[in-house]
Each structure stands twice: as structure tokens, then as C-alpha cells.
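Q: I would like a close look at a single part of this model, namely the surroundings of its bound ligands. Please take it step by step and then follow the chain outward from there.

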Amino acid sequence: MNTKSQLAQLGLFDARVPRYTSYPTAPQFSGAVGPQDFRDWLGTIAPGDEISLYLHVPFCRRLCWFCACRTQGTSSESPVLAYVETLKAELAMLRAALPEGVTLSRLHWGGGTPTLMPADAMRDLAAAIFAVTPLAKNAEFSVEIDPNEIDGARLDALAEAGMNRASIGVQDFDPDIQEIIGREQSYEVTRAAVKAIRARGVHSLNADILFGLPYQTKERLSDSVQKLLSLSPDRVALYGYAHVPWMARRQQMIPSDTLPRPEERLALFETANQLFSWDGYVDIGIDHFARPDDGLAVAAKNGTLRRNFQGYTDDRSEVLVGLGASSISRFPQGYAQMNSATSAWGKAVQSGEFAIKRGHAFTGQDRLRAQIIEGLMCDFTVSTEALLRDYDVTRADLDAMFAPVAETFQNFVSHTSEGLEIPTEGRALTRMIAARFDAYAMERASHSSAI
Ligand SMILES: C[S@@+](CC[C@H](N)C(=O)[O-])C[C@H]1O[C@@H](n2cnc3c(N)ncnc32)[C@H](O)[C@@H]1O
Ligand code: SF4
């Protein structure tokens, strides 16, 4: 059997598997975690600790058809300004709940489109954040920037506030593809945004591009990747386009029969992967590429790469606090998510309460499985010795978990006394292999096969 048929047999081309930016994944969250847990967990942060902060801005001026993110369209500034005021109230609540002397190792503004905020609102919001907790030494402050939705005044405000990493959405440069995915953005617009970002001394640049888009061929994707390389990003996220029109209704605008077949998706990924490698980028985990001196590449080399809701990170903080509608916080105790409905989130904050709607408190099993899944997603390895050191398990317990996975995935997984490893040939299957350690997914699968 050739490799492609083996991959097909193992479900690569028909599986819908999570990207494991958390374990358990967000669909497993329940109402068992509420505002008081969030306050309690904030209260366990040690005075003077470094934490990370994520701020979510769920608005966009344009609603790109391909986009699966939860975001609301707005043509006016007023909902954005009202939202910023509520974020400031939420920050004041955070200030009251946090211990003294906490600083930020990472600050990230994501969305949606945070650059919809006018320059003055950006300054205001940054001042409100730094009144709660200042940036730590060598902190990273990153912002998601839509190249169509940025200008000099807003970039000045972001640079003055300390932004030192910009993340731009590219998706694809091909005009036909841009038209069919409802996201028009010329190469010139993107290049001008990159130039303006760099002119303000922001040297770290991330870019998102997609493979598996309608009409995409190896030639078209190569052309887009080469255009992107001409902008010299430090990091690239090469995501597989997720076509989920039953969840993201606007994707119904994209005819399913224009999408590449699953086997073609693998070829597209490999084409882009090769171009990044030839240009000196290091591949990171399942879908990122970085210049060898970039923090992600260094973390991957040192074995300190982590996974969080933004994907791969070199952030070492144990606590990530998320503010804004739908944002998710991570604590050593568990996950807590804000209400996704902007109005309900706003009402809770106005009444003086955090809008935590759901979450998950970790069990011992969750922690063990989370470490295995994170190890596979970040380093393609799991060390038996590390698990024996960190958890109350025996070698026999771990062998009983690893052996059936190695049995299923054969030459794509190696199981030795040292642990589990995914060799290069098996990396396309990483999410599927990780899913075999997801107790909730396994339970769902056994339940659905029983009915
Ligand atoms: C929340 S968006 C923010 C980007 C910013 N608003 C912009 O448009 O430039 C972050 C990224 O999610 C990715 N994304 C959105 N929808 C996706 C989908 N259906 N499949 C895969 N990736 C997707 C895109 O690459 C996008 O740049
Ligand atoms: S890709 Fe960006 S601008 Fe487009 S809808 Fe998604 S979040 Fe909004």
C-alpha cells in the first residue's frame, strides 16, 4: 500500500479533528464553571507573577465569506466605542481581583478586527490595561491587523502603546480566489501595510495564509507563497481552510464543489511547506513556519514550545486571562470562557460581574492527557520519563495508553521504552493521533457507534 492510501485508511482525508489549542477542547466546556471560580482562580496568582492577557474585539467592517471566526459586522464606530468602554470596566474589575505587582509577559489584541478601533480608543484602552498591570521586561505586545483596516494614525497609536509584534491576515493573493472567498485585498495593500508597520519600528511580523481554498492549485498557491515571502514575515501560520457552512453560515456563499479534494489539500500543504523550507524557514508543529531566530523557532528547538488559543506560542506563563465577549482564560485549575453574546457579556460587566458562562475544571486525568496531546502537537514526542515524574501513573499504565495507538498508526508512530514519537512521515496525522488521547472524543465516538 502506498503512503497516500495508508493515510487515507487512517482517516486523514475525511477526519474532522480539533486543532487542540486546548484540552479539553471548548465544546467540552460546561456551565459548571462560573464567575466565582474565575475570581477564585485569579486570586491564586502569586503577587508579582507574570501573566498573559488576551483582549477580544468581535467586530469587523467586512464579513469575509471564508471566515469561521465569531464576529459581528458593523459599518459604524459606535458599537466599537461602546465595547471599548465595557472592556475598560472589565479591566477595572480585573484590577480589583488581581494580586499586587502582577505584570504582563504577553498582551494580545485579537478578533474580529481590533484595528477597527479608532486611534484614540486604542490609546485609551492601552492606558486602561497598563493601569491594571504593566508590561513585563521583554514582554510581547501583539495585535491582529487587517491590512484593509489600518492607517498611519492607528499604527502610530499602537506603536506608541508598545506593540512589538503585528499579525496580518493575508489568506491568498490570487484575485480569483479572493473573489470567491469574499476577501479582496491586493498585494499592494498588504505590502503597504507591512511597510507602514515596519516603519514604526515593529520588526516582528506574523502572517496567516490558507491552503485548501476554492480554485487553489499548486501553481496558484506557490505564487501566493512567493509573494508572501517577498514581504519577509518572521512567522507564518499556514492553516487548512475549514469549510463548515453549517456553523459559519456565510461560508454558504462558497460553493463546495470549488474546493480542492482532500488528497489535493495534502499536496497543497506540501507545496507551501517546501517553499518555506527552501527560503530558510523552520517548520513548527503542524502548521507554522518561522525564521530560525524567531522566538517560536527557538522554543521549538529547546523543547519549550506551547499550545494556546492563539495556536503555537513561546509564552511560558501559567495564566492567560481573556477579556471581552467569548474570550477564554486558562489557569492551572482550568478554563473559563466569557459569554459569547456581546450584549449579555456587556450586561454582566455593567452589573459588576465577570461574564463567565462556561468552562472546565481540570481533573488529574485531564492534566495527563493534556500534556500528552500538547507534546504531540508541539514536539511530535511524548516522554514516558517526564510523565512518570509529573503524574501518578506507572509505566504499565502509559504502555497501555500508547500501545493501541502505535498498533493503529503502525509506521506513522513509534512506541519505545522512551515514549511515543511521530516520525516525519506521520506528521500529517498528528491531530488524528492526538485525538486518540482525547478521552471526551473517544467517549463520543464509542457512544455514537453504539447507536
Ligand atoms: C480571527 S482572524 C483575524 C484576522 C483579521 N481580522 C484579518 O482579517 O486580517 C484570524 C485568522 O483565522 C483564520 N481563519 C478564519 N477563518 C478560517 C477558516 N474557515 N479556516 C481556517 N482558518 C481560518 C484566518 O487565517 C485569519 O487570518
Ligand atoms: S477574516 Fe478577519 S476581517 Fe474577515 S471576517 Fe474574519 S475576522 Fe473579520
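Which side chain has an N or O atom 3.2 Å from a nitrogen atom of ligand 1?

A: That side chain belongs to Gln251, which places an N or O atom 3.2 Å from a nitrogen atom of ligand 1; this distance, like everything below, is computed from a predicted model. A second side chain, that of Gln171, brings an N or O atom to 2.8 Å from an oxygen atom of the ligand, while Phe66 takes part through its backbone, with a polar atom 3.0 Å from a nitrogen atom of ligand 1. The protein covers 87% of the 570 Å² of accessible area that ligand 1 has on its own.

The shell behind these contacts holds 20 residues, and Gly111, Gly112, Gln171, Arg183 and Asp208 are the closest of them. Strand 5 (135-145), strand 6 (165-171), strand 7 (204-211) and strand 8 (235-240) are the elements that each give two or more residues to this shell. Sorted by class, the residues around ligand 1 comprise nine nonpolar, seven polar and four charged ones.

Ligand 2 has a shell made up of Cys60, Arg62, Leu63, Cys64, Phe66, Cys67, Gly112, Thr113, Asp146, Arg183 and Arg250. Its composition by class is five nonpolar, two polar and four charged residues. Gly112 and Arg183, listed here around ligand 2, are also among the residues closest to ligand 1, and Phe66, likewise in the shell of ligand 2, is the residue whose backbone lies 3.0 Å from a nitrogen atom of ligand 1.

The backbone around these ligands deserves attention as well. Gly111 is joined to Gly112 by a cis peptide bond with omega near 15°, and Gly112 sits in the loop that runs between strand 4 (103-111) and helix 4 (119-132). In strand 5, one of the strands that contribute to the shell around ligand 1, Asn138 has a positive phi of about 60° although it is not a glycine. Another cis peptide bond, with omega about -5°, links Tyr23 to Pro24; Pro24 belongs to the loop between helix 1 (3-9) and helix 2 (35-43).

Further along the chain, three strands form an open antiparallel sheet in the order 17-19-18. Strand 17 (381-383) and strand 18 (414-416) are its edges, and because each has a single partner strand, one side of each is left without a neighbour in the sheet. On average, and ignoring direction, neighbouring strands here are turned by 15° against each other. Strand 17 pairs with strand 19 (residues 419-421) in the antiparallel sense over three bridges, and Thr381 has Glu421 of strand 19 as its bridge partner. Helix 14 (residues 395-409) lies across strand 17, strand 18 and strand 19, running at about 150° to strand 18.

Note on methods. Residues numbered from 1 in each chain as written. Chains lettered and ligands numbered in written order. Predicted model: local features only at pLDDT ≥ 70, side-chain atom pairs only at ≥ 80, totals over all residues. Heavy atoms only, no water. Near = heavy atom within 4 Å. Polar contact = N/O pair within 3.5 Å; in protein donor to acceptor, adjacent residues only side chain to side chain. Areas by Shrake-Rupley, 256 points an atom, 1.4 Å probe, with all protein chains shown as cover. Helix = DSSP H or I, 4+ residues; strand = E, 2+ residues; numbered from the N terminus. Nonpolar A, V, L, I, M, F, W, Y, C, P; charged D, E, K, R; others polar. Pairing = 2+ DSSP bridges. Axes fitted to C-alpha atoms, helices over the stretch in contact; angles between N-to-C directions. Contact = heavy atoms within 4.5 Å.
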